[in-house]
Protein chains: 2
Amino acid sequence: MKYGILTEEQILYLKTLTDPERVLTGTEISEDYSHDELGGIHSYPDVLIRVMAETEISQIMKFAWQENIPVVVRGAGTGLVGACVAVRGGIMIDISGMNRILELDEETMTVTVEPGVLLMELAQYVEERGFFYPPDPGEKSATIGGNISTNAGGMRAVRYGVTRDFVRGLTVVLPDGTVEELGGKIAKNSSGYDLKDLIIGSEGTLAVITKAVLRLLPLPAKTVSLLIPYDSISSAIHMAPKILRLKVNPTAVEFMEKEVILFAEDYLGKKFPDTKSPAYLLLTFDGNSKEYIDSVCEQTAGYCLENGARDVFLVDTDERKESVWSARGAFLEAIKASTSEMDECDVVVPISKIADLILYVHELAEKYELRIPSFGHAGDGNLHIYICRDTMEEEKWKEKLAAVFECLYKKAEEFGGAVSGEHGIGFAKIPYFEAQAGETVIRLMRGIKSVFDPKDILNPGKIFHNDRDCGEKNKFSD
Amino acid sequence: MKYGILTEEQILYLKTLTDPERVLTGTEISEDYSHDELGGIHSYPDVLIRVMAETEISQIMKFAWQENIPVVVRGAGTGLVGACVAVRGGIMIDISGMNRILELDEETMTVTVEPGVLLMELAQYVEERGFFYPPDPGEKSATIGGNISTNAGGMRAVRYGVTRDFVRGLTVVLPDGTVEELGGKIAKNSSGYDLKDLIIGSEGTLAVITKAVLRLLPLPAKTVSLLIPYDSISSAIHMAPKILRLKVNPTAVEFMEKEVILFAEDYLGKKFPDTKSPAYLLLTFDGNSKEYIDSVCEQTAGYCLENGARDVFLVDTDERKESVWSARGAFLEAIKASTSEMDECDVVVPISKIADLILYVHELAEKYELRIPSFGHAGDGNLHIYICRDTMEEEKWKEKLAAVFECLYKKAEEFGGAVSGEHGIGFAKIPYFEAQAGETVIRLMRGIKSVFDPKDILNPGKIFHNDRDCGEKNKFSD
């Protein structure tokens, strides 16, 4: 069955559902809306609607359901795998205007937000009021709706967990326009199947998130980082599992290579505290007393110095924190700025296997004569690997990129890993995901998709291929 | 469509799949297998198979799938809502013999277990090796498979979360006998829909769990509890949200009423440290240094004494810990022993609403002239409420029980709560769950059930009614 194609009359109808000025078509739609942050997948929606309320979303979905029109939801567009690109055309719902923080409930320690609130806005809001939202993905200008849709992880996952662990409740619009609440302000729930966790990480394919109740913690009184230089990336990463067993409970355990730090220095025009060593671990500790933090930092520093660290830099002043963490936050942008084109791999492996995977990445870079910088979360096994085109001619680049991806995903699978730790599958990673997940898992996921969205109108052609894709030549539109 | 009825020949075939001595029928099946711990739902399976390996389960499921025979999986049978009772007859798979701890992986801090391992066995095993499995449901002789199937919560959920938060990977047998691995030793995953969390809490209706990879933490060096008496249950519970905001990070925040403590004293024949007050909070703190624990205990004790506590008892000796926690662990058994018959309610509400709900329970007890003792988790909003029959005549009891349940679940819903915090829906809570969840949610859950189990052979008639139930007079068998 083919999707419907929007008529002039239908566009006029859509304008009556919202505000005519918030319904854009043709050249009114900025080029930004044709791709995401990485920009590898390009396709325009037929109409872009900047929604301001759940009722508008519900009415748009009712219309799309009836008329069989594909719908894709977009937040800040900071994704890297094409999940928010309208590969089938149709309607794009831009939720970035739904960005109100609705309620801070101090008794239940929850904050209720609309999906368009940015991560950095949320963090600031709750921290000013003595609370803490632990999920901390590198991209602070992503929306909370986007974070939930990819189950984003981030730096502090080591101690606190990922976005999933902080979502208490969701309000969603189902593909037929029905509004449903899942979970709420409750801390435990064993009442039927876990629909809330099914929506989390489903990349906008099952329902449109219109509201989220997020769990907060009391804001830790003190945060200190340690920057620890090593002779090699391998010796740095091998320390991560050992540090996790020290009973010092680090918040973050990041690894970084000198090359990537230098890119960030260039990109930001700011100096990093130290760039003399080939590899670094960056640890963070949270706590409520100076004594506690001093004691865990001392214990960790001593242990690291006895076990191969070249030095330990205390990152406790605002200036140093800013220099280290702004660099860490800019790694992706800095690598992007260092090359003509790049693609990414967001595999996750058991933490015991990260060092081996990094060494394998180095081998691949040498074998394929490609630059492949990487950085990531040594504490949770999630690596961000960037394959850079630099000056390579197109055909050779595509060939090599495909070969490197194939090797990387195969190796990650061998190590008991998964295709994506936090970026999602979107459009770009479907072949690798389908190959790794296998027929049974894909059959179950397709089945679940059909239960929520029997007409396959919500973000079609993402996470896995569907039947409608099969007979088509053009993968981007009907 | 009717389920198949097992023939003599089929029983003989089942005996070839395992070991004839592990396949029991008729009077060979102990009465224990006809009910769970609470004992309100009674029904025998036609055949009981004590499985010892995943391959046996896979072969049994292939057979059941082909012959359309209902299958229910049973662990230790410690459930309270009839989830492990063979209400449709057919095959009962007893997994309690699959109780090996397969691997402790110190690098990834995971332990891999078979589903029949008991919670207390797992706790002891990992603690002896310096690790910690935080989920701590009251019933220590439950199996891990059962804990996963109900997403059991327990005392330490306040700080660490529930069973779901500690399951990294599952191996399952699907209804058609296919074996599938979900997740693994990885700490993050954004690769497609979250099938693992769908299985967790699905009460054995979607797949048979044959192996679990569980996340561990380093064992805290020190654990201390504070027992804090109050003038009333309301003033005790009102303190819970305040304590959670103190930045002292308690592991557990339990509430208990004098009446229940006295039952436990009687039941165990052991003295509780103090029974002079009508209500108590029991707090626990974990930490790695004496200084840290002393400091949080002192801060909390001071705060409580300034805010209405009658006293603060430090529970730091082995003897006191044993006396307090063995009483807490025996509450359910003690209440059961105090009456002729009882039924339970496991609602969860936002923590800001617990005090109101408890007061409402007291009102109901008065209005209906029923004894309704309760205890539970002030720190996470999960209450265990027991309605006692005592000497009431049957008809009146049933009438009052139904009325009380109706009121309780309605009030919990009003408060933004859910039917079950950790016991599940099973068979007993279906009407309340269906009423609260509403048509759309039930339709989605039924749809998911059909995707995993299109023949509805795996634990049929649990969590929600199904079509096959509708035309039948006898709710327990065809």
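**Reading the calls in a predicted model**

Me: How many disulfides are there over all chains?

Reply: The count over all chains is zero disulfides. Take C84(B): the nearest cysteine sulfur, that of C345(B), is 20 Å away. Keep in mind that this is a predicted model.

Me: What makes C84(B) a residue in no disulfide?

Reply: A disulfide needs two cysteine sulfur atoms within 2.5 Å. For C84(B) the nearest such sulfur is 20 Å away. So by the 2.5 Å cut-off, C84(B) is in no disulfide.

Me: Why is the sulfur of C345(B) too far from that of C407(B) for a bond?

Reply: C407(B) holds the closest cysteine sulfur to that of C345(B), and the separation is 11 Å. The cut-off is 2.5 Å, so the pair is too far apart for a bond.

Me: Are C84(B) and C345(B) buried or exposed, and how do you know?

Reply: Buried means under 20% relative accessible area. C84(B) has 12%, so this cysteine is buried. C345(B) has 0%, so the same word applies: buried.

Me: Why are α7(A) and α9(A) called oblique to each other?

Reply: Helix α7 (residues 233-244) and helix α9 (residues 290-306) of chain A pack at about 140 degrees. Roughly antiparallel needs an angle over 145, and roughly perpendicular runs from 65 to 115. The angle of about 140 degrees meets neither cut-off, and therefore the pair is oblique. The axes are 11 Å apart, and the crossing is right-handed.

Me: Which residues make the contact of α7(A) with α9(A)?

Reply: From α7(A) come M239(A), K242(A) and I243(A). From α9(A) come T300(A), Y303(A) and C304(A). They divide into four nonpolar, one polar and one charged.

Me: Why are α7(B) and α11(B) called roughly antiparallel?

Reply: In chain B, helix α7 (residues 233-244) packs with helix α11 (residues 354-368) at about 160 degrees. Over 145 counts as roughly antiparallel. So that is the term for α7(B) and α11(B). Their axes are 8 Å apart. The crossing of this pair is right-handed.

Me: What makes the contact of α7(B) with α11(B)?

Reply: I233(B), S234(B), I237(B) and H238(B) act for α7(B). On α11(B) the residues are I354(B), A355(B), I358(B), L359(B) and H362(B). The division is six nonpolar, three polar and no charged.

Me: How do you know whether F285(A) is buried or exposed?

Reply: F285(A) has a relative accessible area of 0%. The limit for buried is under 20%, so F285(A) is buried. The residue lies in strand β14 (residues 279-287) of chain A.

Me: What is F285(A) in contact with, beyond its neighbours within four places in sequence?

Reply: Among the residues are K222(A), V224(A), L226(A), V248(A), I293(A) and T300(A). N249(A) is also in contact with F285(A). Those two are 36 residues apart in sequence, with their C-alpha atoms 7.3 Å apart.

Me: How do you know whether L408(A) counts as buried or exposed?

Reply: Relative accessibility is 1% for L408(A). That is under the 20% limit, so L408(A) counts as buried. L408(A) is found in helix α12 (residues 394-414) of chain A. Not counting residues up to four places away in sequence, L408(A) touches C345(A), Y360(A), V361(A), L364(A), I385(A) and I387(A). Y360(A) is 48 residues from L408(A) in sequence, and 8.2 Å away, C-alpha to C-alpha.

Me: Why is K2(B) called exposed?

Reply: Exposed means over 50%. K2(B) has a relative accessible area of 61%, so K2(B) is exposed. K2(B) lies in the segment before α1 (8-17) of chain B. The C-alpha atoms of K2(B) and I69(B) are separated by 9.3 Å, at 67 residues apart along the chain.

Me: What is phi of D456(A), and of N68(B)?

Reply: Phi of D456(A) is near 50 degrees, a positive value in a residue other than glycine. Phi of N68(B) is near 65 degrees, again positive and again not in a glycine. D456(A) lies in the loop between α13 (430-452) and α14 (467-470) of chain A. N68(B) lies in the loop between α2 (54-67) and β3 (71-74) of chain B.

Me: Why do D456(A) and N68(B) count as buried?

Reply: The limit is under 20%. D456(A) is at 10% relative accessibility, so D456(A) counts as buried. N68(B) is also at 10%, so N68(B) counts as buried.

Notes
Residues numbered from 1 in each chain as written. Chains lettered and ligands numbered in written order. Predicted model: local features only at pLDDT ≥ 70, side-chain atom pairs only at ≥ 80, totals over all residues. Heavy atoms only, no water. Buried < 20%, exposed > 50% of the residue type's maximum accessible area, 1.4 Å probe, protein only. Axes fitted to C-alpha atoms, helices over the stretch in contact; angles between N-to-C directions. Helix = DSSP H or I, 4+ residues; strand = E, 2+ residues; numbered from the N terminus. Parallel < 35°, antiparallel > 145°, perpendicular 65-115°, else oblique. Left-handed = near helix turned anticlockwise from the far one by under 90°. Contact = heavy atoms within 4.5 Å. Nonpolar A, V, L, I, M, F, W, Y, C, P; charged D, E, K, R; others polar.
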